[in-house]
Amino acid sequence: MQYKILGEPMPVVVCDLSSGESMITEKGSMVWMSPNMKMETSAGGLGKAFGRMFSGEAMFQNIYTAQGGTGMIAFASSFPGSIRAVQITPDRPVVVQKSGFLASEQGVELSVFFQKKAGAGFFGGEGFIMQKLSGNGMAFLEIDGYAVEYDLGPGQQMVIDTGNLAMMDATCSIDIQSVKGIKNALFGGEGLFNTIVTGPGKIVLQTMPISSVASSLSPFIPTGS
């Protein structure tokens, strides 16, 4: 499979497949393809289907396979930002934000990822339920806004506003921390909790999570009478 990413800030990834190669996606992100791409819909097992639904994705996967020769298929981002290509290997699974998965080669497996610490689960907001990508193959992720990468050493931490964590290596751990000070928590405008990621591993942060955009626009959207 060969690919190219075009058109930021409304990007699309165009994939060229050899005969018999397949791509998977879960939320109708296919925007164009050559006529010899065959689509099949699969749940991939009931347990996996419910796990994907719980992590914010669709229960079913669309599998596109090139037949009778080389094929082409394109997947577009649903929000202004960027598309990141990530090579998934058995020794390097990654964890991504809910709804961050765009498409991948068929060897990549998706599962729900729960935080190990109860605090992150109850108060982590967008950081609570994430997706784990494992297996072997190239995966394409949606990043809301601009992507910034950091490599954290063992024990090194980063404090992140809820929703701005787009991806982390599975070697990282995640927890939550309450904002210190009553006035800071109530009037600081940053919410009550922050996400803390501890290395070792790479993290990718996004500058414009769609949840923040929705909150900013909601006061200007008229409600029905």
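Here is a short walk through this structure, from the whole chain down to a few of its residues.

Let's begin with the overall picture. What you see is a predicted model. The protein chain has 225 residues, and buried residues make up 42% of them. As you trace the chain, you will come across four helices and 19 strands. It also helps to look at which parts of the sequence meet. Among contacts between residues at least 6 apart in sequence, 78% join residues that are at least 24 apart. Turning to the outside, the chain exposes about 11400 Å², and carbon and sulfur atoms supply 59% of that area.

Now let's step inside and find strand β10, which spans residues 101-105. This strand is mostly covered, with four of its five residues buried. What are its partners? One of them is strand β3, made of residues 22-25, which runs antiparallel to β10 and is joined to it by two bridges. To see this pairing for yourself, look for M23, which stands opposite E105 in β10. Another partner is strand β13, covering residues 137-144; it too is antiparallel to β10, and three bridges join the two. Here a good pair to look for is S104 of β10, which stands opposite A139 in β13. While you are looking at strands, one general point is handy: in a regular strand the side chains alternate between the two faces of the sheet.

Next, move along to strand β18, residues 193-198, where you will find T198. Is T198 buried or exposed? Its relative accessibility is 17%, and because buried means under 20%, T198 counts as buried. Which residues does T198 touch, leaving aside those up to four places away in sequence? They are L152, G155, Q156, Q157, C172 and S173. With one of these neighbours there is a polar link as well: the side chain of T198 makes a polar contact with the side chain of Q157, at 3.1 Å.

That list of neighbours included C172, so let's end with the cysteines, starting from this one. C172 is buried too, with a relative accessible area of 5%. Elsewhere in the sequence, C15 has a relative accessibility of 0%, and therefore counts as buried. How many disulfides does the structure hold? The number is zero.

Methods:
Residues numbered from 1 in each chain as written. Predicted model: local features only at pLDDT ≥ 70, side-chain atom pairs only at ≥ 80, totals over all residues. Heavy atoms only, no water. Buried < 20%, exposed > 50% of the residue type's maximum accessible area, 1.4 Å probe, protein only. Polar contact = N/O pair within 3.5 Å; in protein donor to acceptor, adjacent residues only side chain to side chain. Contact = heavy atoms within 4.5 Å. Disulfide = S-S within 2.5 Å. Pairing = 2+ DSSP bridges. Areas by Shrake-Rupley, 256 points an atom, 1.4 Å probe, with all protein chains shown as cover.
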